[in-house]
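Trainee: Please take one residue of this model and look closely at where it sits and what it touches. After that, set it against a few other places and the chain as a whole.

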Amino acid sequence: MKKAIVFGGTTEGRQLAEKLNLAKIDVVYCVATEYGKDMVLGASGIDVRVGRLDSNQMIKLFEAENPDVIVDATHPFAEVVKKEIDSALFSYKATCFIRVCRDADEVDYTDCTFFEDVDACEKALESTSGTIFLTTGSKELSAFCKNEALKERLVVRVIPSIESLKICMDNGLTGKQIIAMQGPFSKAMNRIQLKETNAKIMVLKSSGKSSGEAERINAAKEEGVQCFIIKRPDDSAKGLSNEDAIKKLEEVLRVSLKPNAFSEITPDVKCHITLAGFGMGFGSITEELKEAIEKADIIFGAARMLSSIECKGKKYPYYLAKDIMPVLNERIEALPYGILNALVLFSGDTGFYSGTKKLRDALKADGRIKVTVMPGISSVSALASRIGESYDDAVVMSCHGIEESVWQPKLIDATLHNAKVFTLTSGGKDVRIIGEILCKLEEDYGVKYEIVAGVNLYSYEKIVTLSAMKCATFPEDGLVVLMIKNKKTITRRLSPGLSDDVFLRNKTPMSKEEIRSLSICKLGLTENAVVYDIGGGSGSVSVEIGLLHPSINVYTVEFKEEACKLIRANINKFNLKNVKLYEGVAPEALENLPAPTHVFIGGSGGRLEEILRTIKAKGNNTRVVINAVTLETIAEVNGILKDYAISDADVVQVAISKAKTVGDYNVMQAQNPVYVVSFSL
């Protein structure tokens, strides 16, 4: 097995050691202190060696381990160890050597003062006043403590190791002058510490990106604290970037150090957020949610929910991601330590027509946030239990927070063809709209509805049984869930083919029943299809398509006034909410319509090529069906198929003859032959 020796004690060193280990490379990881050892994950393939080595000891290590590659990923200011490594390499046999140069940080250095070394910085500090916040570590601490007057002004931040604390004590610093914490630190944390210590000057090394240099400088600027920066040694910049070092290791060791084989440095989790179902009200919430409310530092939700709970956490009357995310970000940024516990309350159940999904997707993009979802009791479940009904054999849907153009077609379809439908509503207005729809369905189709409404379940609740008429004049408001029973369901038709006789007629031409059925079949419609019916005529094709599934949206384009009146009448007759009429001439009338998935052209007004050009510009792979009767249209279609190099065209000539009773006989009467042309555009 291949082997690497990595001199580390830094973020980059730990990263490379762990990444090599996951790629099945034996790693000897050398650190100066026990604290450096503790920072490495407990991986069996990493052999951690603790202690400072001189060049002779390094040579012995190289000879004993015989590595394939040696990596120097020590701190940019670790000049002594870098020289020892160079000396050892000079005396050792030729081996691949990689020195990692820490990436520089992108930061505004305006008003910062730079010094060539520690001594120059210490000299300059002697002529200043106020508290000095020293973040250079414990190694150079003695240089800042030799002047007693200067030492008394110091507050030092060091890593929480016994060695670092001993150095602080040996240099005469008292407990109130020492902050022992592991970095890197956020800007918010730096600001808090600068403010708490009343610092006037911050001292740091120009240690690069992973040291938190930018966060310290930006915090100091915002707090009005002066920055003294010790420059990085010139030799430390001679090496490869972390990214180039990884590429070199892949080349030398012939392994793939893929990102998914290693967890790159990610932000620490700063916030635990629970998205919880609140049920119908405080009386219906789970014990699990009560505990979450008790622990929460901040709670989001609709005002009516927040008003019903008592908690120690701060309340925010928000439930949309666009409102919640800025508050979370602000609170996380200002967090001095620990974890922020946040809670978002959603009415009902998180898995049932809830805003949970959108918020969860937004939160998952932030690595600082851990998300938990907690279910609640849905209103549908509560109503079903109150009235002794099941909902496993029902259609379950929602009108709440959904466009009427989406839920109304679904409700009509569900209540016509199913014996039982449960639906959430946004309140009394929705209930009255539903009542009006049901009244019209009873009138047009002869069905009969019985509606049970659960009003404000768990809080002054009321359960009432209604007819469609009473539903249309429903006087209540508040939170309402409905169960709609149809005692005379209509058997669902699974194919087109309505008789011509069921449509309202005038002198407007209409695609005949058999041609209409064949053309719709050739369209190959799917759920959620967006269909253009160009040259709508009587609207028979649009109606048949709209009846196939409530998720299909049909846009009928027609310019003749008499035909438009007939189309509206047929749409209303079949109570279709997913068919819309656009009065105008194609292709201009198509301009503001959504891109189609399917197009039926029953009449083009001699502008077929322009229409197809407009459709193609809206998107690819649109299914097109054209009905052609005249020789001129047939010739135009043939030319277009050639011009567009359409290879999948299906051309069918249909000649229909239907029996007509004449006296005592049935005579076959021929209709005009029609070409049905279908292809993908």
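**A helix residue and its surroundings**

Mentor: With a relative accessible area of 34%, D444 counts as partly exposed, because that value falls between the 20% under which a residue is buried and the 50% over which it is exposed. The model is a predicted one, and what follows should be read as a description of that model. D444 belongs to helix 18, which covers residues 428-445. Once its neighbours within four places in sequence are set aside, the contacts of D444 are with N572 and K573. The second of these partners, K573, is 129 residues away from D444 in sequence, yet their C-alpha atoms are 7.5 Å apart in space.

The partner region leads to another residue. Helix 22 spans 561-573, and N575 lies in the loop between that helix and strand 24. N575 has a relative accessibility of 6% and so counts as buried, whereas D444 is partly exposed. The backbone of N575 also deserves a look: its phi is positive, about 55°, although N575 is not a glycine. Most residues other than glycine have a negative phi. K24 is another residue other than glycine with a positive value, its phi being near 70°. K24 sits in the loop between helix 1 (11-22) and strand 2 (26-31). At 63% relative accessibility K24 is exposed, while N575 is buried; the positive phi is thus found in one exposed loop residue and in one buried loop residue.

Strand 24 (579-583) also borders the loop that holds P587, with strand 25 (598-601) on the other side. A586 and P587 are joined by a cis peptide bond, with omega about 10°. Most peptide bonds are trans.

For a contrast with D444, take I615, which is found in helix 23 (residues 608-618). Its relative accessible area is 1%, so I615 is buried. Not counting residues up to four places away in sequence, I615 touches I534, L590, P596, V599, T622 and L681. L681 is 66 residues from I615 in sequence, and 8.1 Å separates their C-alpha atoms. Under the sequence exclusion used for each, then, the partly exposed D444 has N572 and K573 as partners, and the buried I615 has the list that runs from I534 to L681.

A strand residue gives a further case. V373 is in strand 16, residues 369-374, and its relative accessibility of 33% makes V373 partly exposed. Beyond its neighbours within four places in sequence, V373 is in contact with L275, T350, T356 and R360. T274 lies 99 residues from V373 in sequence, with 5.6 Å between the two C-alpha atoms.

Separation in sequence can also go with separation in space. Q182, in the loop between strand 9 (178-180) and helix 9 (187-196), is 357 residues from G539, and here the C-alpha atoms are 73 Å apart. Q182 is partly exposed at 35% relative accessible area.

That distance can be put beside the outline of the chain. Along the principal axes, the C-alpha atoms fill a box of roughly 125 × 70 × 50 Å. The chain contains 24 helices and 30 strands. Its radius of gyration is 38 Å, well over the 26 Å given by the globule rule for 681 residues, so the chain is more spread out than a compact globule. Of those 681 residues, 47% count as buried. The accessible surface is about 33,500 Å², and carbon and sulfur atoms account for 50% of that area. The pairing of D444 with K573 across 129 residues can be read alongside a chain-wide figure: among contacts between residues at least 6 apart in sequence, 70% join residues at least 24 apart.

The interior space is the last item. The structure has one cavity of 30 Å³ or more, and the largest cavity holds about 40 Å³ of space. Its lining is made up of T10, E12, A73, T74, P76, V100, C101 and R102. By type, the lining residues divide into four nonpolar, two polar and two charged.

To return to the start: D444 is a residue of helix 18, partly exposed, and in contact with N572 and K573.

Definitions and conventions. Residues are numbered from 1 along each chain as its sequence is written. This is a predicted model: local features need pLDDT of at least 70, side-chain atom pairs count only at pLDDT 80 or more; totals for chains, interfaces and linings use all residues. Side-chain values use heavy atoms; hydrogens and water are left out. On a 1 Å grid over the protein atoms alone, a cavity is a set of points where a 1.4 Å probe fits but cannot get out, and a pocket is an open set with protein on both sides within 12 Å along at least five of seven lines; lining residues have an atom within 4 Å of a point. Grid points are joined across faces, edges and corners, and a volume is the space filled by probe spheres set on the points. Ala, Val, Leu, Ile, Met, Phe, Trp, Tyr, Cys and Pro count as nonpolar, Asp, Glu, Lys and Arg as charged, and the others, Gly among them, as polar. Helices (H or I, at least four residues) and strands (E, at least two) are DSSP runs, numbered from the N terminus. The radius of gyration is taken over C-alpha atoms; the globule rule is 2.2 Å times the number of residues to the power 0.38. Buried means under 20% relative accessible area, exposed over 50%, partly exposed in between (1.4 Å probe, protein chains only). Contact means heavy atoms within 4.5 Å. Accessible areas come from the Shrake-Rupley method with a 1.4 Å probe; for residues, only the protein chains shown count as cover.
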